[in-house]
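Reader: I'd like a close look at a single part of this model, please. Could you pick a strand and walk me through what surrounds it?

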Amino acid sequence: MPTETKTTCPYCGVGCGVIAKVDDTGSVSVRGDPDHPANFGRLCSKGSALAETIDLDGRLLHPEVNGARTSWNTALDLVATKFSEAIAEHGPDAVAFYVSGQLLTEDYYVANKLMKGFIGTANIDTNSRLCMSSSVAGHRRAFGSDTVPGTYEDLELADLVILTGSNLAWCHPVLYQRLAAAKAARPGMKIVVIDPRRTMTCDIADLHLAIRPDGDVALFTGLLAHLATSPAIDQNYIGAHTVGFAEAFASAAALSWDELLERTGLPAMQLREFFRLFETVQKTITCYSQGVNQSASGTDKVNAILNCHLATGRIGRPGMGPFSLTGQPNAMGGREVGGLANMLAAHMAIENAGDRDRVQRFWSSPGIAAKPGLKAVDMFSAVAEGRIKALWIMATNPVVSMPDADAVEAAIAACPFVVVSDIVGNTETTRHADVLLPSLGWGEKDGTVTNSERRISRQRPFLPAPGEARADWWQLAEVARRMGHGAAFGFADPAAIFAEHAALSAFENEGSRDFDIGAYAGIDDAAYRALHPFQWPASLAETPTPPGGKRFFADGGFFHPDRRARFIAVNLPETDRTNADYPLTLNTGRIRDQWHTMTRTGKSARLSAHIAEPFAEIHPRDAIELGIRGAGLVEIESPHGTAVVRALISERQARGSIFVPMHWNGQFSARARIDAAVAPVVDPVSGQPASKNVAVRARPLKAEHYGFAVSAARPENLDCDYWALAKAEGGWRLEFASCTGISDWANWCRKHLGIPAGVEPLGYCDGATGETRLAFFDGTRLLAALFVAPEPVAVARAWAVQQLTASHGDLRKRFAIAAGRPGADQPDPGATVCSCFGVGVNQISGAIRNGCHSVEAIGKALNAGTNCGSCRAEIRTIIDSCLAAAAE
Ligand SMILES: Nc1nc2c(c(=O)[nH]1)N[C@H]1C(S)=C(S)[C@@H](COP(=O)(O)OP(=O)(O)OC[C@H]3O[C@@H](n4cnc5c(=O)[nH]c(N)nc54)[C@H](O)[C@@H]3O)O[C@H]1N2
Ligand SMILES: Nc1nc2c(c(=O)[nH]1)N[C@H]1C(S)=C(S)[C@@H](COP(=O)(O)OP(=O)(O)OC[C@H]3O[C@@H](n4cnc5c(=O)[nH]c(N)nc54)[C@H](O)[C@@H]3O)O[C@H]1N2
Ligand code: SF4
Ligand SMILES: [Mo]
């Protein structure tokens, strides 16, 4: 009998409900949960492809010590001993945990309890430092608590939606779809996108403000000054619920119009239009994400935004408010358990003696961390300096995702004792572990996550634990027990942890803290198993959730002692960082179909077909000045490190800036790990790295050979200066370039593409042009095809990939493969746009030429965009550019 399990998507902070179905043969399929209030049945491309990413290929299945398989007992004893020894010899501050917003709340709660309550240091930080910490700091400064006041429904109810530093179409696709649907139903709704790049999100924007990098503080400060002298100002709200308006206004008013233009880089007309919209539209929501948080002025950006909402009283009412969009599936859960080094459990403050005492009494712990611990960047500096003797990394890949990644790698490699808990065996981080612990992954693990709108949902297991993999919370509790804290960590199951977490949230609370889920304090295993998604607060005293969800602060009630919000007089950031040696601004972020360091999405051929290669998006004029050609290679360099990626010349990029995705790493590329070049500059308040504004230089990388290959076997031991590998249906696709001469390409294929000795290639090497085209067959099956040229090779790539799964009985047609040119009967679909139905850009352009001039018409003709809808913005962009080209 097939079984169906309701669970939650493990990717972004939208937190979509998923129904996972396991059929009689054990095969898994997923669909959106129509009853889940985050997505009402929708899923994006990544969510739709979940079933393709859960195979056991590459999974870590057994504990290992120094690379050798061992038993759980041995591994856990060793971890406990080494941590205990380091603490005994050097004190508790000599150990650290670096954890993740991809842990479940239950895992996170146990990690935080062990470190802060029982080891007695706050040296636990998380990748959320790189992600949400500026929002946390901004919220706490303004509200006295880390509260997201609104709900998703506000995006649909608003008349003005401002998206700043958010590529919603690609990073929170289901929210984007909800917004796009609301705008389609109510075209009067206005959408403003503030982003230095013209992203896919701009597709639904009425106004795109291509702001200068880090111009946001100036923009929202200028807006505050404008609002203060306009009818939009809400003196009643300001008087009744806030303090500090006069100071914030005085500092805002000091910003001249000329300086505002200079700092934002925006035309005066656009600025006026933006100010007019904000002034006149009551139902305004400002959503923000990493373009705001990941900045040296991130916390001030957040407060500059909050100031504008407080000044107009537009907060916590339907369709109104600031909205921090969280990235990871459990960024919010991590904040609730106090997983950041400067927080305490249940939204209590580590600086507050009363809070520390309360948590310690609740835990009956021997002590409690007395001061904030090391924030991520400082933590890895401490590791580098030898101050951390034992480090446990869980559910994050810092050698790829931390700024100054080469230095982070060296620090981890040199650390005396490193434990890594992961689901895969070979990442840049696991490579340096003394102890590797196999964790349960999505579909196996069991617990809760909280999404961006404070909604707690269950992740439920529907697959058996593979090998000896065990839950992260279990690993932590076992180590705690071995360190002598058994009584406080004797949890039988995740339900028991959740019950304790809920009880702590209500403990001596009485409305003094925002985070209260006391209604679930006594939850038993059965109720936990059946738990429906719910939004907090959910205190015992609470009435049932109102339709549309719960909101904070419409009538004040902030969490500073006087219950008033604070206006913050923010500082305009230093602008003089001109450096003649590093004149470009590196901006980094995400693409639609990959998740972070690709350990899961990199497994899906469908997802990898969208963008199969790391790239640097660069403005055409910068490219000319730098001598960089389209499809050529570009080396990006900062004083910290370098990366090499493909050049993508595009007017969507602003002059002087380069955008590179954060995803590629050593498993999928030679040197595309961009964080190697990212400087470890942080926001002074939050400690969040400024990953969007890095001073770099760029130059073309000239190669002797450029190559493209499709291969049934995974290419191995590549020693080229540049290579990028992507999973394809039936095998792999490989881009590469080499600066040193290779003459025998057939031999190269035998060595790197797994071609057995004795299999002879079809094709040719043209000594005069330097072109080589080879294809190897095994019976009717293509083993590999290789295309090499002295310039970036023009091959119908999507078509070439299709040949891996085609049958090649017709000998004559085999020559077409070697030539790299599809016959007229087999057109090249082009790079995948719709990953659900595998529809490529050439197919879409063809349909447009045949008269399909709307996304709907394309959907009817090709199905593209009719399943998850994540590609609809791109389809519309292709239609626009084809029609514009035809009109020229
Ligand atoms: N497909 C996909 N989706 C994801 C993820 C993923 O890996 N892949 N990761 C998830 C996670 S953890 C996170 S944190 C979120 C991140 O979600 P987003 O924040 O939406 O994504 P990013 O691409 O990091 O950055 C957003 C935008 O900020 C812009 N930006 C850069 N500098 C500035 C600036 O100075 N001002 C302004 N206003 N904008 C600027 C960038 O050009 C970029 O388009 O995505 C989540 N969703
Ligand atoms: N330059 C630049 N750098 C960035 C960013 C950027 O925009 N630009 N964004 C930053 C942000 S916002 C984020 S959130 C980070 C993300 O960066 P990371 O957290 O480093 O990225 P992931 O690939 O998600 O790493 C998760 C790891 O945990 C493993 N894993 C998955 N599930 C589980 C589990 O259940 N248990 C355990 N123990 N392991 C598991 C995965 O295999 C993977 O190795 O990157 C940050 N770095
Ligand atoms: S929007 Fe996509 S990635 Fe995010 S939770 Fe929903 S299905 Fe998952
Ligand atoms: Mo994130």
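Author: Happy to. Let's start with a pairing: β17 and β18 run alongside each other in the parallel sense, joined over 4 bridges. Keep in mind that this is a predicted model.

If you want a spot to look at in that pairing, find serine 421, which stands opposite leucine 437 in β18. Serine 421 also has a partner in another strand, since methionine 394 stands opposite this β17 residue. That brings in β16, residues 390–394, which pairs with β17 in the parallel sense too, over 5 bridges.

Now, how buried is β17? Of its 6 residues, 6 are buried, so the strand is largely enclosed by the rest of the structure. To see how that splits up, remember that in a regular strand the side chains alternate between the two faces of the sheet. In β17, both faces are covered. On one side sit Phe417, Val419 and Ser421, and on the other Val418, Val420 and Asp422, all of them buried. The cut-off behind that word is a relative accessible area under 20%.

Follow the chain out of β17 and you come to the loop that leads from β17 (417–422) to β18 (435–438). Threonine 427 is found in that loop. Being in a loop, is threonine 427 buried or exposed? Buried: its relative accessible area is 1%, and that counts as buried because the limit is under 20%.

What does the side chain of threonine 427 reach? The backbone nitrogen of threonine 429, at 3.1 Å. Then there are the contacts from elsewhere in the sequence. Leaving aside neighbours within four places, threonine 427 is in contact with Asn397, Asp422, Thr599 and Gln667. Asp422 in that list takes you back to β17, where Asp422 is one of the buried residues on the side shared with Val418 and Val420.

So, if you're clicking through the model, here's a handy route. Begin at methionine 394, step across to serine 421 in β17, and go on from serine 421 to leucine 437 in β18. Then go back to the loop between β17 and β18 for threonine 427, and show Asn397, Thr599 and Gln667, which are among its contacts.

Note on methods
Residues numbered from 1 in each chain as written. Chains lettered and ligands numbered in written order. Predicted model: local features only at pLDDT ≥ 70, side-chain atom pairs only at ≥ 80, totals over all residues. Heavy atoms only, no water. Helix = DSSP H or I, 4+ residues; strand = E, 2+ residues; numbered from the N terminus. Buried < 20%, exposed > 50% of the residue type's maximum accessible area, 1.4 Å probe, protein only. Polar contact = N/O pair within 3.5 Å; in protein donor to acceptor, adjacent residues only side chain to side chain. Contact = heavy atoms within 4.5 Å. Pairing = 2+ DSSP bridges.
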